[in-house]
Amino acid sequence: MAIQQKLSLMIPGPTPVPEKVLQALGKHPIGHRSKEFQDIVESTSKNLQWLHQTQNDVLTITGSGTAAMEAGIINTLSKGDKVICGENGKFGERWVKVAKEFGLEVIKIESKWGTPLNPEEFKKVLEEDKQKEIKAVILTHSETSTGVINDLEKISTYIRAHKTALSIIDCVTSLGACNVPVDQWQLDIVASGSQKGYMIPPGLSFISMSKKAWEAAEKSNLPKFYLNLKSYKKSLSSNSNPYTPAVNLVFALDESLKMMREEGLVNIFLRHNKHKLAMSNAMKTLNLELFADEKYLSPAITAIKTGEMDAEEFRKTIKNKFDILLAGGQDHLKGKIFRVGHLGYVNDRDIITVISAISNTLLNLGKINPQDAGEALLVASRYLEGK
Ligand SMILES: *Cc1c(COP(=O)(O)O)cnc(C)c1O
């Protein structure tokens with residue numbers, strides 16, 4: 001019987017929230033125009049720049065990750081603009097829909113779900129655009145629906161070479177999990193959301209805007225009011241917000257960013273990387289096939305094929321028996337894969353526990369023998385110890 005209060009979230013958002021952050025959420029709200037609140041905004045905005053490795057403005061929006069991506073699109077582009085959208089999963093698909101909804105002309109660069117986008121295709125389309133008609137390249141760094149990480153570093157060099165096109169990047173499950181050096185890669189617009197690597201509940205999203213992005217904002221004619229980023233920029237100069245922000249989520253953000261600073265960027269990236277390696281290699285030891293191309297595994301999430309087994313039944317068993325919530329497959333992948341989120345507030349114990357729960361379930365189904373289960377833990381331990 002499940003003990004709901006102990007349910008362990010191993011989905012790619014919402015992710016587990018540290019005690020300290022929960023306590024910050026439980027405080028009485030304060031006035032959002034008070035000096036006290038401005039001090040908190042000053043602190044979060046500095047720490048957000050640290051997390052993004054940038055001098056650019058990083059704005060906080062009350063809304064989920066999609067709000068930040070939509071804001072990036074409608075603040076910098078105009079009706080009829082030509083854009084490239086990278087699509088190799090559910091989120092890539094979403095950005096195509098958003099772009100079309102706002103009357104943009106979309107050139108799709110696609111790759112089969114589970115495989116990465118090919119940077120050379122971006123290079124080709126951008127190089128052929130002699131008239132500089134392409135105004136933006138929109139893509140997802142870590143494709144949460146498939147567990148694939150796209151080669152953003154490479155693709156961003158081709159976007160820069162084009163000179164005109166802006167990069168509008170969904171870094172919702174990569175920021176706070178792996179290296180996203182915004183200034184070094186000269187990323188123009190980077191969107192993320194609170195319920196992922198930030199270790200706080202859903203409700204806030206973040207958007208980093210380069211100088212070039214602000215220049216484009218001067219020319220953009222798509223309608224916007226609540227998501228007009230110029231208002232956010234103006235308010236931020238006095239550590240304030242244009243509208244009432246989710247005050248308690250900002251308290252939480254302040255705590256979580258301080259925790260992240262204490263751990264340090266490199267340690268955060270190393271932790272996510274070893275969890276990715278431990279998970280993926282343990283799954284292979286259990287004779288389960290990874291869904292994503294092994295050279296492009298996301299540090300945030302591992303997608304696993306279940307073959308003959310119904311992935312939904314498998315997830316249900318693990319939830320009922322072990323109080324661990326795993327994510328299912330989306331769209332045509334429903335029932336065919338399950339996904340283990342290892343993003344944010346996740347430690348080695350969580351990884352060992354989820355691997356044990358998966359092994360135990362496979363053992364009960366007669367899919368593996370006890371030796372395999374032991375071997376999987378051994379393999380995972382080796383990666384967790386960094387061997
Ligand atoms: C979670 C997620 C989002 C944001 O979705 P919201 O539900 O709007 O927060 C966007 N992109 C990716 C890759 C995600 O994983």
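**Exercise 1. Is C178 buried or exposed, at a relative accessibility of 15%?** Decide this for the predicted model, and then work out why C178 is in no disulfide.

*Solution.* Begin with the surface: a residue counts as buried when its relative accessible area is under 20%, so C178, at 15% relative accessibility, is buried. Next take C171, which at 0% relative accessibility is buried too. Then turn to the sulfur atoms, where a disulfide calls for a pair of cysteine sulfurs within 2.5 Å. The cysteine sulfur closest to that of C171 belongs to C178, and because the two are 8.0 Å apart they are too far from each other for a bond. Seen from the other side, the nearest cysteine sulfur to C178 is that of C171, again at 8.0 Å, and C178 is in no disulfide. A search of the whole structure agrees with this step, since it finds 0 disulfides.

**Exercise 2. Describe the surroundings of T146, starting from its place in the chain and ending with its contacts.**

*Solution.* First locate the residue: T146 sits in the loop that runs between strand 6 (142-143) and strand 7 (148-149). Although it belongs to a loop, T146 has a relative accessible area of 0% and is therefore buried. Next look at its side chain, a polar atom of which lies 3.3 Å from the backbone nitrogen of V148. Finally list the contacts, leaving aside residues up to four places away in sequence: T146 touches N88, G89, W113, G114, F291, A292 and A303.

**Exercise 3. Find how Y232 and Y243 are arranged as an aromatic pair, and which parts of the chain this pair ties together.**

*Solution.* The structure holds 6 aromatic pairs, and one of them is formed by Y232 and Y243, whose ring centres are 6.2 Å apart and whose planes make an angle of 75°. Planes over 60 degrees apart count as edge-to-face, so this pair is edge-to-face. For the second part, place each partner: Y232 lies in helix 8 (residues 229-236), while Y243 lies in the loop between helix 8 and helix 9 (247-263), so the pair ties together parts that are 11 residues apart in sequence. The two partners can also be described by their accessibility, since Y232 is buried with a relative accessible area of 5%, whereas Y243 is partly exposed at 25%. A last step widens the view, for Y232 and Y243 join F225 and Y226 in one aromatic cluster. A separate ring contact involves F251, where K27 lies over the face of the ring at 4.8 Å from its centre.

**Exercise 4. Locate S237, and say which backbone oxygen lies 2.5 Å from a polar atom of its side chain.**

*Solution.* S237 is placed in the loop between helix 8 and helix 9. With a relative accessibility of 64%, S237 counts as exposed. The backbone oxygen in question is that of K234, which lies 2.5 Å from a polar atom of the S237 side chain. For a sense of distance, the C-alpha atoms of S237 and Y198 are separated by 23 Å, the two residues being 39 apart along the chain.

**Exercise 5. Identify where the backbone departs from the common pattern at P14, K132 and Q186.**

*Solution.* Start from the general rule that most residues other than glycine have a negative phi, and that most peptide bonds are trans. Against this, G13 and P14 are joined by a cis peptide bond with omega about -5°, and P14 is found in the loop between strand 1 (8-10) and helix 1 (19-25). K132, in the loop between helix 5 (119-128) and strand 5 (134-140), has a positive phi near 55°; K132 is partly exposed at 31% relative accessibility. Q186 has a positive phi as well, about 50°, and lies in the loop between strand 8 (166-170) and strand 9 (189-193), where Q186 is partly exposed with a relative accessible area of 48%.

**Exercise 6. State how many residues surround the ligand, and describe the polar contacts that S64, T66 and Q195 make with it.**

*Solution.* The ligand is surrounded by 14 residues, of which the closest are S64, T66, T144, D170 and K196. Then go through the contacts one by one: a polar side-chain atom of S64 lies 2.5 Å from a ligand oxygen, and a polar side-chain atom of T66 likewise lies 2.5 Å from an oxygen atom of the ligand. For Q195, an N or O atom in the side chain is 2.8 Å from an oxygen atom of the ligand.

Conventions
Residues numbered from 1 in each chain as written. Predicted model: local features only at pLDDT ≥ 70, side-chain atom pairs only at ≥ 80, totals over all residues. Heavy atoms only, no water. Helix = DSSP H or I, 4+ residues; strand = E, 2+ residues; numbered from the N terminus. Buried < 20%, exposed > 50% of the residue type's maximum accessible area, 1.4 Å probe, protein only. Polar contact = N/O pair within 3.5 Å; in protein donor to acceptor, adjacent residues only side chain to side chain. Contact = heavy atoms within 4.5 Å. Phe/Tyr/Trp six-rings, centres within 6.5 Å; stacked < 30°, edge-to-face > 60°. Lys NZ or Arg CZ within 6 Å of the ring centre and 35° of its normal. Near = heavy atom within 4 Å.
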